[in-house]
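Subject: Structure handover

Hello,

Here is the structure I said I would pass on. My notes on it follow below.

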Amino acid sequence: MKYLFILTFIIIYAFFGLNLGYTETFPVWKHITYSFQHDGFFHLLVNSITFFLLFRVLQKHMLSSHIALIALFVAFSMSFFCLYSRVVVGSSGLIYAMIGIFFFLVTIRKIKFKNQIALVTSIVSVITFLVISFFRVNSAGMLHLLCLVFGYLISIFYYLIFNSKLK
């Protein structure tokens, strides 16, 4: 599943411009396609690596299809709360939704850190990237924050419904 996402990132990067991103005037379907498009090679590389590694950690605790559905649902639905006049692109919404899932699994102790320093480093890193995304001109900080929070909240419902499915 994770390879399919990354392949889609690469194909869309190779064959499309920024046409698939969305602004407030774009049709509804662009609220999902923006998650597969990237602004440049470095953006594609960083997001693909982050997506891959995070997906790999999460699939030890959840079904791959559930991770994908939750991340897509969160990125799609939260995009309606953050309409911008500039094009929004990238899988960051998917990644922040997965970070929300990750922190929920940490909260319920399904994912354990070997020491407190690793946990604090993870939290500080996420906060740092969130803050940076609020101040970068071409980044959607509010969308990132909403995806993280909603990913966490959806994980609560997922856990209540599919508790037996967690590995």
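A residue is called buried under 20% relative accessible area, exposed over 50% and partly exposed in between, using a 1.4 Å probe and protein chains only. The model is predicted, so local features need pLDDT of at least 70 and side-chain atom pairs count only at pLDDT 80 or more, while totals for chains, interfaces and linings use all residues. Residues are numbered from 1 along each chain as its sequence is written, and side-chain values use heavy atoms, with hydrogens and water left out.

Aromatic pairs

Rings of Phe, Tyr and Trp (its six-membered ring) are paired if their centres lie within 6.5 Å; planes under 30 degrees apart are stacked, over 60 edge-to-face, and the rest tilted. The structure has 12 such pairs. In one of them, Phe102 and Phe113, the ring centres are 6.0 Å apart and the planes meet at 85°, so this pair is edge-to-face. Phe102 belongs to helix H5 and Phe113 to the loop between H5 and H6, so the pair ties together parts 11 residues apart in sequence. Helices here are DSSP runs (H or I, at least four residues), numbered from the N terminus. Phe102 is buried, at 13% relative accessible area, whereas Phe113, at 26%, is partly exposed. Separately, Phe5, Phe9, Phe36, Phe51 and Phe55 make up one aromatic cluster.

Helix H3

H3 covers residues 41–58, 18 in number, and reaches 25 Å from first to last C-alpha, close to the expected 26 Å (1.5 Å times one less than the number of residues). Its buried residues are Leu44, Asn47, Ser48, Phe51, Leu54, Phe55 and Leu58. They fall within an arc of 150° seen down the axis, so they line one face of the helix; the arc is that of the directions from the helix axis to the C-beta atoms. Phe41 and Phe42, on the other side, are exposed.

The buried residues pack against H1 (2–15), H4 (64–79) and H5 (92–107). Contact means heavy atoms within 4.5 Å. Leaving aside neighbours within four places in sequence, Ser48 (8% relative accessibility) is in contact with Ile6 and Phe9. On the same basis, Asn47 (7%) is in contact with His38, Gly90, Ser91, Ser92 and Ile95.

Helices H6 and H7

H6 (116–135) and H7 (141–162) pack at about 145°, with axes 7 Å apart. Axes are lines fitted to C-alpha atoms over the stretch in contact, and angles run from 0 to 180 degrees between N-to-C directions. H6 contributes Val126, Leu130, Ser133 and Phe134, and H7 contributes Gly141, Met142, His144, Leu145 and Leu148.

Regards

Definitions and conventions. Helix = DSSP H or I, 4+ residues; strand = E, 2+ residues; numbered from the N terminus.
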